[in-house]
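The report below goes through one protein chain, from its charges and overall form to single residues and their surroundings. Please keep the sequence and the structure in view while reading.

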Amino acid sequence: PEAEEPAYCVSWFEAVRFANKLSERDGLEQCYEVVNGMLYWTKGLECEGYRLPTEAEWEYTARGGEDFVYAGSNEASDVAWFWENSEKMVQPVGRKKPNKYGVYDMSGNVWEWCWDWWKRDYSSDSVTDPRGPSSGSYRVSRGGSWFRNARNARASFRVISVPSNRNDNLGFRLLRKKI
(Lines give C-alpha, C1' and ligand atoms only; values in the text may rest on other atoms or scores of the structure.)
Protein backbone atom coordinates (compact mmCIF):
# COMPACT_ATOMS: atom_id res chain seq x y z
CA PRO A 1 0.00 0.00 0.00
CA GLU A 2 0.97 3.60 -0.60
CA ALA A 3 1.57 5.88 2.43
CA GLU A 4 -1.93 7.43 2.16
CA GLU A 5 -3.68 4.09 1.79
CA PRO A 6 -5.01 1.98 4.66
CA ALA A 7 -3.14 -1.13 5.77
CA TYR A 8 -4.49 -3.96 3.60
CA CYS A 9 -3.52 -7.32 2.07
CA VAL A 10 -2.73 -8.35 5.64
CA SER A 11 -3.85 -11.57 7.34
CA TRP A 12 -5.20 -11.52 10.89
CA PHE A 13 -1.98 -13.24 12.03
CA GLU A 14 0.15 -10.55 10.35
CA ALA A 15 -1.93 -7.78 11.97
CA VAL A 16 -1.37 -9.33 15.42
CA ARG A 17 2.39 -9.68 14.81
CA PHE A 18 2.53 -6.05 13.63
CA ALA A 19 0.72 -4.90 16.80
CA ASN A 20 3.32 -6.66 18.95
CA LYS A 21 6.23 -5.26 16.92
CA LEU A 22 4.82 -1.72 17.12
CA SER A 23 4.36 -2.10 20.89
CA GLU A 24 7.94 -3.34 21.23
CA ARG A 25 9.25 -0.45 19.13
CA ASP A 26 7.43 2.09 21.32
CA GLY A 27 8.51 0.49 24.61
CA LEU A 28 5.03 -0.81 25.45
CA GLU A 29 3.95 -4.22 26.64
CA GLN A 30 3.03 -6.65 23.89
CA CYS A 31 -0.64 -7.62 24.01
CA TYR A 32 -0.27 -11.02 22.37
CA GLU A 33 1.81 -13.99 23.40
CA VAL A 34 2.59 -17.18 21.48
CA VAL A 35 3.08 -20.29 23.62
CA ASN A 36 3.59 -23.72 22.01
CA GLY A 37 2.14 -22.41 18.74
CA MET A 38 -0.99 -21.01 20.43
CA LEU A 39 -1.78 -17.29 20.47
CA TYR A 40 -3.01 -15.70 23.71
CA TRP A 41 -4.29 -12.25 24.60
CA THR A 42 -3.19 -12.56 28.20
CA LYS A 43 -3.99 -9.11 29.62
CA GLY A 44 -7.08 -8.59 27.48
CA LEU A 45 -8.57 -5.10 27.62
CA GLU A 46 -6.00 -4.05 30.24
CA CYS A 47 -3.04 -4.37 27.88
CA GLU A 48 -1.36 -1.01 27.29
CA GLY A 49 0.28 -1.92 23.97
CA TYR A 50 -1.20 -1.88 20.47
CA ARG A 51 -3.87 -4.44 19.61
CA LEU A 52 -6.80 -5.23 17.38
CA PRO A 53 -10.14 -3.93 18.64
CA THR A 54 -12.79 -6.32 19.87
CA GLU A 55 -15.87 -6.38 17.70
CA ALA A 56 -17.75 -4.32 20.31
CA GLU A 57 -14.95 -1.72 20.49
CA TRP A 58 -14.90 -1.48 16.72
CA GLU A 59 -18.65 -0.87 16.50
CA TYR A 60 -18.64 1.60 19.40
CA THR A 61 -15.93 3.63 17.67
CA ALA A 62 -17.62 3.40 14.27
CA ARG A 63 -20.91 4.67 15.67
CA GLY A 64 -19.13 7.63 17.25
CA GLY A 65 -21.87 8.26 19.83
CA GLU A 66 -24.42 8.77 17.06
CA ASP A 67 -27.25 6.72 15.62
CA PHE A 68 -26.33 6.72 11.95
CA VAL A 69 -26.49 3.77 9.56
CA TYR A 70 -22.86 4.36 8.51
CA ALA A 71 -19.94 5.66 10.59
CA GLY A 72 -20.81 9.35 10.66
CA SER A 73 -23.80 9.64 8.32
CA ASN A 74 -26.95 8.02 6.99
CA GLU A 75 -25.57 8.55 3.47
CA ALA A 76 -22.86 6.06 2.54
CA SER A 77 -21.25 8.35 -0.02
CA ASP A 78 -20.52 10.94 2.73
CA VAL A 79 -18.29 8.58 4.72
CA ALA A 80 -17.49 5.44 2.73
CA TRP A 81 -15.75 4.09 -0.35
CA PHE A 82 -17.73 1.24 -1.88
CA TRP A 83 -18.20 -0.44 -5.27
CA GLU A 84 -20.18 2.34 -6.90
CA ASN A 85 -17.89 5.27 -5.91
CA SER A 86 -14.40 3.77 -5.41
CA GLU A 87 -13.22 3.42 -9.01
CA LYS A 88 -13.01 -0.30 -8.11
CA MET A 89 -9.88 0.12 -5.94
CA VAL A 90 -8.62 1.08 -2.49
CA GLN A 91 -8.74 4.82 -1.88
CA PRO A 92 -6.48 7.15 0.17
CA VAL A 93 -7.53 7.52 3.80
CA GLY A 94 -9.18 10.59 5.30
CA ARG A 95 -10.90 11.80 2.12
CA LYS A 96 -14.43 11.28 3.43
CA LYS A 97 -16.22 12.85 6.39
CA PRO A 98 -15.17 11.58 9.88
CA ASN A 99 -17.65 10.45 12.51
CA LYS A 100 -18.43 12.49 15.63
CA TYR A 101 -15.33 11.06 17.38
CA GLY A 102 -13.18 12.38 14.53
CA VAL A 103 -12.38 8.89 13.22
CA TYR A 104 -12.18 8.45 9.46
CA ASP A 105 -12.87 5.49 7.21
CA MET A 106 -14.74 3.21 9.61
CA SER A 107 -17.25 2.56 6.80
CA GLY A 108 -15.99 1.25 3.48
CA ASN A 109 -12.57 1.19 1.79
CA VAL A 110 -11.25 -2.01 3.46
CA TRP A 111 -12.72 -4.52 5.88
CA GLU A 112 -10.97 -4.31 9.26
CA TRP A 113 -9.94 -7.33 11.31
CA CYS A 114 -11.27 -7.57 14.86
CA TRP A 115 -9.89 -9.74 17.66
CA ASP A 116 -13.08 -11.77 18.08
CA TRP A 117 -13.85 -15.22 16.80
CA TRP A 118 -17.05 -15.38 14.77
CA LYS A 119 -20.34 -15.98 16.55
CA ARG A 120 -23.54 -15.87 14.51
CA ASP A 121 -25.68 -14.17 17.16
CA TYR A 122 -23.63 -11.08 17.97
CA SER A 123 -25.20 -8.40 20.16
CA SER A 124 -23.24 -5.49 21.56
CA ASP A 125 -25.95 -4.53 24.06
CA SER A 126 -25.93 -7.75 26.14
CA VAL A 127 -23.05 -6.82 28.48
CA THR A 128 -20.44 -4.14 29.01
CA ASP A 129 -17.37 -4.73 26.83
CA PRO A 130 -18.63 -8.02 25.34
CA ARG A 131 -16.08 -10.41 23.90
CA GLY A 132 -16.68 -13.12 21.35
CA PRO A 133 -16.21 -16.86 21.87
CA SER A 134 -12.88 -18.14 23.19
CA SER A 135 -12.21 -20.20 20.05
CA GLY A 136 -13.43 -20.82 16.54
CA SER A 137 -12.45 -21.19 12.91
CA TYR A 138 -13.18 -17.68 11.63
CA ARG A 139 -12.36 -14.15 12.77
CA VAL A 140 -14.67 -11.17 12.39
CA SER A 141 -14.10 -8.25 10.02
CA ARG A 142 -16.09 -5.04 10.09
CA GLY A 143 -16.59 -1.90 8.02
CA GLY A 144 -17.24 -2.92 4.43
CA SER A 145 -14.92 -2.32 1.52
CA TRP A 146 -14.44 -0.75 -1.90
CA PHE A 147 -15.21 -4.20 -3.36
CA ARG A 148 -18.78 -4.40 -1.99
CA ASN A 149 -21.93 -2.31 -2.15
CA ALA A 150 -22.87 0.40 0.35
CA ARG A 151 -25.06 -1.98 2.39
CA ASN A 152 -21.90 -3.80 3.49
CA ALA A 153 -20.43 -0.54 4.87
CA ARG A 154 -23.13 -0.16 7.55
CA ALA A 155 -21.79 0.15 11.10
CA SER A 156 -23.72 -2.99 12.04
CA PHE A 157 -22.53 -5.19 9.16
CA ARG A 158 -20.06 -8.00 9.85
CA VAL A 159 -18.36 -10.77 7.90
CA ILE A 160 -16.18 -13.78 8.66
CA SER A 161 -12.76 -14.65 7.33
CA VAL A 162 -10.21 -17.38 7.87
CA PRO A 163 -7.40 -15.74 9.92
CA SER A 164 -4.81 -16.58 7.25
CA ASN A 165 -6.83 -14.78 4.55
CA ARG A 166 -5.23 -11.73 2.94
CA ASN A 167 -6.59 -9.75 0.02
CA ASP A 168 -6.84 -6.23 -1.36
CA ASN A 169 -10.05 -5.37 0.49
CA LEU A 170 -9.08 -6.63 3.95
CA GLY A 171 -6.96 -4.68 6.42
CA PHE A 172 -6.77 -3.61 10.04
CA ARG A 173 -6.77 -0.71 12.50
CA LEU A 174 -5.02 -0.85 15.86
CA LEU A 175 -5.94 0.71 19.17
CA ARG A 176 -4.33 1.31 22.55
CA LYS A 177 -5.77 1.55 26.01
CA LYS A 178 -6.03 5.16 27.11
CA ILE A 179 -3.52 5.70 29.90
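## Charge and surface

In this predicted model, the protein chain carries 25 positive and 26 negative charges, and the mean positions of these two sets lie 2 Å apart. The surface that the protein chain exposes comes to about 9600 Å², and carbon and sulfur atoms supply 49% of that area.

## Overall form

Three helices and eight strands make up the secondary structure of the protein chain, and, read along the sequence, these elements follow the pattern α-β-β-β-α-α-β-β-β-β-β. The C-alpha trace spans about 45 × 40 × 35 Å along its principal axes. For 179 residues, a compact globule would have a radius of gyration near 16 Å, and the protein chain, with its 16 Å, agrees with that expectation.

Of the 179 residues, 44% are buried. Among the contacts with a separation of 6 or more, 67% are made by residues 24 or more positions apart.

## Helix 2 and its cover

Helix 2 covers residues 55–63, and its buried residues are Glu55, Ala56, Glu57, Trp58, Glu59 and Ala62. What covers these buried residues includes strand 3, strand 4, strand 5 (139–142), strand 6 (158–161) and strand 8 (175–176).

One of the buried residues of helix 2, Glu57, forms a salt bridge with Arg51, with a distance of 2.7 Å from N to O, and both of these partners are buried. A further set of charged residues, namely Glu55, Glu59, Arg63, Arg142 and Arg158, is joined into one network by salt bridges that share partners.

## The turn after helix 2

Just after helix 2, Gly64 takes a positive phi of about 60 degrees, and this glycine has its place in the loop between helix 2 and helix 3. Is Gly64 buried or exposed? With a relative accessible area of 0%, below the 20% limit for burial, Gly64 is buried.

Which residues is Gly64 in contact with, leaving aside its neighbours within four places in sequence? Those partners are Asn99, Lys100 and Tyr101. For Tyr101, which is 37 residues away along the chain, the C-alpha atom is separated from that of Gly64 by 5.1 Å.

## Other salt bridges

Side chains of opposite charge can pair when their charged atoms come close. The structure holds eleven salt bridges, and two further examples can be set beside the buried pair described above.

Asp26 forms a salt bridge with Arg25, and the closest N and O atoms of the two are 2.8 Å apart. The partners differ in accessibility class, since Asp26 is partly exposed at a relative accessible area of 32%, while Arg25 counts as exposed at 63%.

A salt bridge also brings together the side chains of Lys43 and Glu29, at 3.1 Å from N to O. Lys43 lies in the loop between strand 2 and strand 3 (50–51), whereas Glu29 lies in the loop between helix 1 (12–25) and strand 1, so the pair ties together parts that are 14 residues apart in sequence. Lys43 is partly exposed, with a relative accessible area of 48%, and Glu29 likewise counts as partly exposed, at 26% relative accessibility.

## Positive phi outside glycine

Two residues have a positive phi although they are not glycines, and each can be described by its angle, its place and its accessibility. Asn36 has a positive phi of about 50 degrees, and is found in the loop between strand 1 (33–35) and strand 2 (38–40). Its relative accessible area is 78%, so Asn36 is exposed.

Glu87 has a positive phi of about 60 degrees, and lies in the loop between helix 3 (76–79) and strand 4 (111–117). At 65% relative accessibility, Glu87 also counts as exposed, which places this residue above the 50% limit used for that class. By contrast, Gly64, with its positive phi of about 60 degrees just after helix 2, is buried.

Technical notes:
Residues numbered from 1 in each chain as written. Predicted model: local features only at pLDDT ≥ 70, side-chain atom pairs only at ≥ 80, totals over all residues. Heavy atoms only, no water. Helix = DSSP H or I, 4+ residues; strand = E, 2+ residues; numbered from the N terminus. Buried < 20%, exposed > 50% of the residue type's maximum accessible area, 1.4 Å probe, protein only. Salt bridge = Lys/Arg side-chain N within 4 Å of Asp/Glu carboxyl O. Contact = heavy atoms within 4.5 Å. Rg over C-alpha atoms; globule rule 2.2 N^0.38 Å. Areas by Shrake-Rupley, 256 points an atom, 1.4 Å probe, with all protein chains shown as cover. Lys, Arg positive; Asp, Glu negative; His and termini not counted. Charge placed at Lys NZ, Arg CZ, Asp CG, Glu CD.
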